Amino acid sequence: MTPSQGFLAEIKDAVTTRAALLVLGVLVLQLAFITSYIGAFHHPKPSEIPIAVAAPAAQVAERSAQQLATLPGDPLDPRVVEGEAAALAQVRDRDVDGALIIDPAGRTDRLLVASGAGASLSQALEEVVGAAERAQGRTVRVTDVAPAAKGDSRGLSSFYLVIGWCVGGYLCAAILAISAGARPANPHRAVIRLGALLVYAIAAGLLGAVIAGPVLDALPGSIWSLWGLGPLVVFAVGAITLALQGLAGVIGIGLAILLVVVLGNPSAGGAYPYPLLLPPFWSTIGPALPPGAGTYAARSITYFNGNGAGGPMLVLSAWALVGAAVTLACATLRRDPGAAAQP
């Protein structure tokens with residue numbers, strides 16, 4: 001039997017320096033996760049919510065818009081439009097988040113909201129506009145022109161669907177790394193990994209859309225359009241993860257979690273859409289990251305006939321292309337005869 005070298009020696013033998021550093025990295029990610037979620041969600045506050053203002057007379061609409069623009073804290077960003085039809089079109093096109101229709105002949109105005117874009121956002125509009133109307137001795141009647149489906153509690157199903165797709169994307173890429181090395185041995189292996197990821201993304205996109213639509217009856221609208229979005233989200237996140245692994249090895253998995261989970265999820269506009277997120281840092285980065293782009297596109301497809309989905313789809317496409325290109329570039333630069341001969 002080998003004589004004991006003491007407890008400290010056993011620890012040094014059992015826990016390598018590399019393992020200790022990786023555990024420290026996990027602790028940093030955990031604390032960043034807590035900080036990001038609590039930081040983004042602990043104090044939601046309306047900030048410059050886009051709202052259209054319409055009235056039979058332009059002067060009345062302009063006066064009302066000016067009053068809304070001067071509310072303390074700048075909760076609204078009003079813009080005058082020509083008539084109720086134009087106001088309704090802007091809400092349905094996702095150019096604004098609500099519309100106030102002034103009735104100068106009476107004491108009751110109409111507020112158009114769209115809870116499908118997020119119940120917390122429509123409720124914030126109701127509260128802010130309602131208080132402003134009461135201060136003027138008026139009342140407001142609320143009309144939801146894009147209501148969330150019965151099975152879509154608070155309009156969050158789109159967000160959870162996209163988060164599920166994102167989780168699948170980086171887990172699939174991480175498994176490919178764990179099973180055959182974080183960095184692909186050569187360009188052919190990189191292409192194989194990207195191909196496997198694409199097949200997974202197509203399947204995950206379809207199954208996610210089927211579960212959210214026909215199975216759970218949470219999201220109305222075209223299942224085929226959601227299926228078109230799903231593989232793009234999954235592949236974009238997976239390609240980012242493969243690229244980061246190509247650049248940093250196994251540490252790239254942690255970097256992908258940092259980007260997608262720690263930064264991407266709180267800023268995605270799920271529980272609190274962009275105009276409610278404080279500090280503004282979150283609403284600034286959200287549209288540029290896959291969870292935010294995916295959530296906005298999913299809500300557009302589900303409740304707004306795809307209006308406003310073009311920009312987010314381009315964002316996701318850019319992530320997918322950059323991720324794939326970096327993955328291939330890392331494999332090409334790493335190539336050597338010994339690596340190419342490996343199984």
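Which residues does Ser-64 touch, not counting residues up to four places away in sequence? The close-ups below come from a predicted model, and the first one takes up that question.

**View 1. Ser-64 and its contacts in helix H3.** Setting aside residues up to four places away in sequence, Ser-64 touches Val-53 and Ile-102. Ser-64 itself is found in helix H3, which covers residues 58-69. Its relative accessibility comes out at 12%, so Ser-64 counts as buried; the cut-off for that label is under 20%.

**View 2. The largest nonpolar core.** This core has 50 residues, and the ones touching the most other members are Ala-87, Trp-165, Leu-226, Leu-229, Val-233 and Phe-235. Helix H8, residues 223-248, gives the most to this core, with 10 residues.

**View 3. Zooming in on Trp-165.** If you ignore neighbours within four places in sequence, Trp-165 is in contact with Leu-226, Leu-229, Val-233 and Val-234, among others. Its list also takes in the glycines Gly-205, Gly-208 and Gly-230, along with Ala-204 and Ala-209.

**View 4. A second, separate core.** Here we've moved on to a core of 21 residues, including Leu-71, Leu-76, Val-128 and Val-129.

**View 5. Gly-168 in helix H6.** Look for Gly-168 in the helix spanning residues 157-180. Is Gly-168 buried or exposed? With a relative accessibility of 8%, Gly-168 counts as buried. For a sense of scale, take Pro-75 as a second marker: it sits 93 residues from Gly-168 along the chain, and the C-alpha atoms of the two are separated by 37 Å.

Note on methods. Residues are numbered from 1 along each chain as its sequence is written. This is a predicted model: local features need pLDDT of at least 70, side-chain atom pairs count only at pLDDT 80 or more; totals for chains, interfaces and linings use all residues. Side-chain values use heavy atoms; hydrogens and water are left out. Helices (H or I, at least four residues) and strands (E, at least two) are DSSP runs, numbered from the N terminus. Buried means under 20% relative accessible area, exposed over 50%, partly exposed in between (1.4 Å probe, protein chains only). Contact means heavy atoms within 4.5 Å. A nonpolar core is a set of buried Ala, Val, Leu, Ile, Met, Phe, Trp, Tyr and Cys residues joined through side-chain atoms within 4.5 Å.
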